[in-house]
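Hi everyone, thanks for making time this morning. I'd like to walk you through a structure that is new to most of you, so let me put it up on the screen.

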Amino acid sequence: MDINHSTGENVITSTKGYMWFLSLNIIICAWLLLRGTHRPDIESLPQLLQILCGCIIALSAINLIITLKIKKNINDGFYHAVLPFVVLAFGLLWSVIFLNFTLYYQNPLITLMLTVSVLLPATITFFISGRLLLLFSTPLALCLLYVETYLQDQFSVVQFAGVLIMLLVIYSARYILLEWYQRVQRSEYEKNILIKKLVQQAHYDALTGLFNRLSMASFFEECVSALSDSNKKLFMIVLDIDYFKQYNDRYGHVTGDKCLIKVSQCIEQSLRKESDSAFRFGGEEFVVMTVCNEISQAKAISQRIQQNIAHAHIPHKGSAISSVLTVSQGIAQWREGMTLEELVEQADKQLYQAKENGRDRVCY
């Protein structure tokens, strides 16, 4: 899984890790400013270092306020565009602080400890975005190498190698964290795919892709609840493929399955997306539930189903009424207090009547 600049920075600014990083900046600078307040044996920071620490505290506080204020939309617009410059500013300020620490106290060990204290949280915060981590850490790394190379009385290969090892450890930690993050994201993605598959299996017919019989009840309840606030009516259309047993006997079950798929597509093409839903009720029987103003609209849906199936020209030499596939349909209207089972029973009666009247027709 690839993480581009935009994706990585979106994740950073939308997590608590970024606020943690800003808070640590404030805490470390506040400690540096206050460490000598009640200790006469510890010298206070020089004025330049105090100003630089104050700048980091102010910059961190401003970014904390912005992050908390517009947390939901933080990845949109101006703030997201200037984030790389903000991170670079942090890196430059800390590098100047570390350089002045070394010049003033003549103790590179203090600088090294402070660098680790700042660079390690930055690695944890910015590991997703290589660009942000590079912008923050490059000034610090150059500062450390400059200190070890030019500010020492005597150049030490061991100390220089120690700085390189420290930087290598911190940067390699980024790839370990990134691998962990990618594994978690991949696992989350696979889990979501599995959930979608389970939802698909629970609510949809595996062969035709229509809603299955189990999902009818919830759809029925939603329709009935919606009808209480409107003047619309709920109709159920039950349709059955004429002489489907003979179709299977003549063409085989594999072709029979293809026929069911084609019929389901014809049904879907006949529906209005906003108010109609189709279900595979079982075998060659299908159900359509539709919310209409009048029975004429429900009849129009049935007629479109008949027309679309007729236009599909599915051969059916086993049929006693036609050389192509036909369907019989029954329509029932839901009445106040009627259960789903009672509505299905009423529609089934109309379907039976359509078959009694010669099939390939609609009864209401």
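Find Lys233 for me, please: its bridge partner is Cys292, over in β3. This is a predicted model, by the way, so keep that in mind as we go. Lys233 belongs to strand β1, which covers residues 233-241. Between β1 and β3, residues 285-292, the pairing is antiparallel and takes in eight bridges.

Now, β1 has another partner. It also pairs with β4, residues 327-333, again in the antiparallel sense, over seven bridges. If you look for Ile241, you'll see Val327 of β4 standing opposite. And is β1 mostly covered or not? Mostly covered: eight of its nine residues are buried.

Let's step back to the whole chain. How many helices and strands does it have? There are 12 helices and five strands. The chain runs to 364 residues, and 41% of them count as buried. On the outside, about 19,900 Å² is exposed, with carbon and sulfur atoms supplying 59% of that area. As for how the chain meets itself, take the contacts between residues at least 6 apart in sequence: 73% of these join residues at least 24 apart.

Next, the inside. In soluble globular proteins, nonpolar side chains tend to be buried together. Here, the largest nonpolar core has 40 residues. Leu32, Trp94, Ile97, Phe98, Phe126 and Phe136 have the most contacts within that core. Which elements give two or more residues to it? They are α2, α3, α4, α5, α6 and α7. Of these, α4 gives the most, with 11 residues.

There is a second, separate core too, with 25 residues. Among its members are Ala298, Leu325, Val327 and Ile331. You've met Val327 already, as the residue opposite Ile241.

One last stop: the cysteines. Searching the whole structure turns up zero disulfides. Why is Cys259 not in one? The closest cysteine sulfur is that of Cys266, and at 9.2 Å it is too far for a bond, because a disulfide needs the two sulfur atoms within 2.5 Å. Looking from the other side, the closest cysteine sulfur to Cys266 is the one in Cys259. Both residues are tucked away from the surface: Cys259 is buried, with a relative accessible area of 3%, and Cys266 is buried as well, with 2%.

That's my tour, so over to you for questions.

Technical notes
Residues are numbered from 1 along each chain as its sequence is written. This is a predicted model: local features need pLDDT of at least 70, side-chain atom pairs count only at pLDDT 80 or more; totals for chains, interfaces and linings use all residues. Side-chain values use heavy atoms; hydrogens and water are left out. Helices (H or I, at least four residues) and strands (E, at least two) are DSSP runs, numbered from the N terminus. Buried means under 20% relative accessible area, exposed over 50%, partly exposed in between (1.4 Å probe, protein chains only). Contact means heavy atoms within 4.5 Å. Accessible areas come from the Shrake-Rupley method with a 1.4 Å probe; for residues, only the protein chains shown count as cover. Two strands pair if DSSP finds at least two bridges between them. A nonpolar core is a set of buried Ala, Val, Leu, Ile, Met, Phe, Trp, Tyr and Cys residues joined through side-chain atoms within 4.5 Å.
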